[in-house]
Amino acid sequence: MTGPERPAGDRFPAERRGERPGGGPPTGERGERPAGDRRGERPTQGRWGGDRREGGRRPARPAVDLPRQIAYEAVAAVHRDDAYANLVLPSLLRDAGLTGRDAAFATELTYGTLRHLGTLDAILTDAAGRDVQRIDPPVRDALRIGAYQLLHTRVPAHAAVSSTVDLVRAVGPGATGFANAVLREVAGRDADAWVAKLAPPMESDPVGHLALAYSHPQWIVRAFAEALGGDLGETARLLIEDNERPPVHLCARPGLADPVALADEVGGAPGAFSPYAVYLSGGAPGDLPALAEGRAHVQDEGSQLVANALAVAPLDGPDGRWLDLCAGPGGKSGLLGALAAQRDARLTAVEVAEHRARLVAQATRGLPVTVLNTDGRTVGADPKLPEAHFDRVLVDAPCTGLGSLRRRPESRWRREPSDLPPLTRLQRELLTAALRAVRPGGLVAYVTCSPHTVETHVTVTEAARRSGVPVDFVDARPLLPAGMPGLGDGPTVQLWPHRHGTDAMFLAMLRRT
């Protein structure tokens, strides 16, 4: 925004900047939260209505419109309760009876705000003249939603400002003037102009520039760039794709549903690569009869491809005993179980968490699948997991999930580099257990939903070296559909959102010799 520079320091007095007057902590950061804003509570009707200050003498303002109210509740739950947007938002929409365009708008505000959070916070910090973390949390989340509307939607600026001020009036009545001033400052520039002002130069700090321009933590940008061979242009394309809303992918279970017929049934389209994939154009997949009847399940096309690669890999000798060593929540077990049913094979699905084991059992009902609620690392010690017994083994290892940030945008702000050492240790232990479980001549597929080289190439090579089990790498590229672009030099395969339209799944195929 043009005009004379404001003096350094806070731009607004305490009563106008979301703090309690007198220098106290922002409401909600310590002590009691405002009524209706406690963990797990839904706001009362009055909270979303008019301004009730001064005994109700002020004239009531219009209630906050429902889509923005739902988006606020979802974003607040993510930050206040460590909730996951993909879990909390559907229940909020369902409870509110929100459908159609209103539900789509609430979804766009929720996911868009979470995806762009880092850049929005940098902009709000500059617009307010103070660190956004010092703003009262309810007001802060409302401002984030308002700034997202101003910078990334077609909502007119006056409507974005006024609706956000109404929202602030409901969740932090003392900060309406502050919110109005900050949002008008934000509205003074478009998104590109804000990036030009705040991002470090690409020439001197490319990682810092890309991180602010495309709203990813710098360590994740650095990891992506390394996995892409240092190509910063391709890294930028990946970051852009991470910020797009991904389509819903269905898996038509082989033997139970034909993908072309399923696409017609649900109003979608057959997938580009997986023989079982169906793309949905919109709507709530949970309402589809095909899912309720077990003929299909929701699964990213990349996950289908890596699971199917294990099933189609050439194998000499017996082929009736399959193992999924990290099965929860059951998507890959569902596909492998359906394939096993067609080939007179049986799948053992192992899941250490009890509630996730129940999900696996539900996902594989009616299929030749035995679910074991145990730790996959107990191969050899558990009589149900004997060594050198299984023909095909899948290790869909726990990981940072950096490959699915477009579907779980809050994860990019929760993960830290310090998460890697315990995860990679677990990955190596699970892969080592899988190499013990597979028979000589059998196959192990190591899969992660992350392109971080420490979780992919380093984990596989170190586990293979330390396991004491002789193995050879199998070129995974021929196990994916012919004509897939950008599969690299092998023998491993890394899928990418910007190349393949899938999550960034990694696949290594090993044969025990």
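Here is a quick tour of a helix, a sheet, a cavity and a glutamine in this predicted model.

**Helix H4**

Let's start with H4, which covers residues 117-128. With 12 residues at 1.5 Å a residue, H4 should span 16 Å, and its end C-alpha atoms do sit 16 Å apart, so expectation and model agree. How many of the 12 residues of H4 are buried? The count is 9, so the helix is largely enclosed by the rest of the structure. The buried set has plenty of leucine and alanine in it, including Leu117, Leu120, Leu124, Ala127 and Ala128. Ile123 is on the list too, and so are Thr119, Asp121 and Asp126. Right after the helix comes Gly129, with a positive phi near 75°.

**The four-stranded sheet**

Next up is an open sheet of 4 strands, laid out in the order E2-E3-E1-E4 with antiparallel pairing. E2 (269-270) and E4 (296-298) stand at the edges with a single partner strand each, so one side of each has no neighbour in the sheet. As a general point, strands of a sheet pair through backbone hydrogen bonds, in either a parallel or an antiparallel way. Here, E1 (residues 248-252) and E3 (residues 277-280) run antiparallel and are joined by 4 bridges. If you want a pair to look at on screen, try Val248, whose bridge partner in E3 is Leu280.

**The cavity**

The structure holds 1 cavity of 30 Å³ or more. What is the volume of the largest cavity? It comes to about 30 Å³. Its lining draws on residues that lie apart in the numbering: Phe224, Leu238, Asp242, Leu402, Gly403, Pro451, Trp496, Pro497 and Ala504. By type, that lining divides into 7 nonpolar residues, 1 polar and 1 charged.

**Gln494 and its contacts**

Gln494 is found in strand E11 (residues 493-494). Is Gln494 buried or exposed? Its relative accessible area is 14%, and because buried means under 20%, Gln494 counts as buried. A polar atom of its side chain lies 3.2 Å from the backbone oxygen of Ala504, and the backbone oxygen of Met505 also has a polar atom of that side chain 3.2 Å away. Ala504 turns up in the cavity lining as well.

Here are those two contacts side by side:

| Side chain | Backbone oxygen | Distance |
|---|---|---|
| Gln494 | Ala504 | 3.2 Å |
| Gln494 | Met505 | 3.2 Å |

Note on methods:
Residues are numbered from 1 along each chain as its sequence is written. This is a predicted model: local features need pLDDT of at least 70, side-chain atom pairs count only at pLDDT 80 or more; totals for chains, interfaces and linings use all residues. Side-chain values use heavy atoms; hydrogens and water are left out. On a 1 Å grid over the protein atoms alone, a cavity is a set of points where a 1.4 Å probe fits but cannot get out, and a pocket is an open set with protein on both sides within 12 Å along at least five of seven lines; lining residues have an atom within 4 Å of a point. Grid points are joined across faces, edges and corners, and a volume is the space filled by probe spheres set on the points. Ala, Val, Leu, Ile, Met, Phe, Trp, Tyr, Cys and Pro count as nonpolar, Asp, Glu, Lys and Arg as charged, and the others, Gly among them, as polar. Helices (H or I, at least four residues) and strands (E, at least two) are DSSP runs, numbered from the N terminus. The expected span of a helix is 1.5 Å times one less than its number of residues. Buried means under 20% relative accessible area, exposed over 50%, partly exposed in between (1.4 Å probe, protein chains only). Two strands pair if DSSP finds at least two bridges between them. A polar contact is a pair of N or O atoms within 3.5 Å; within protein, one must be able to donate a hydrogen and the other to accept it, and residues adjacent in sequence count only if both atoms are side-chain atoms.
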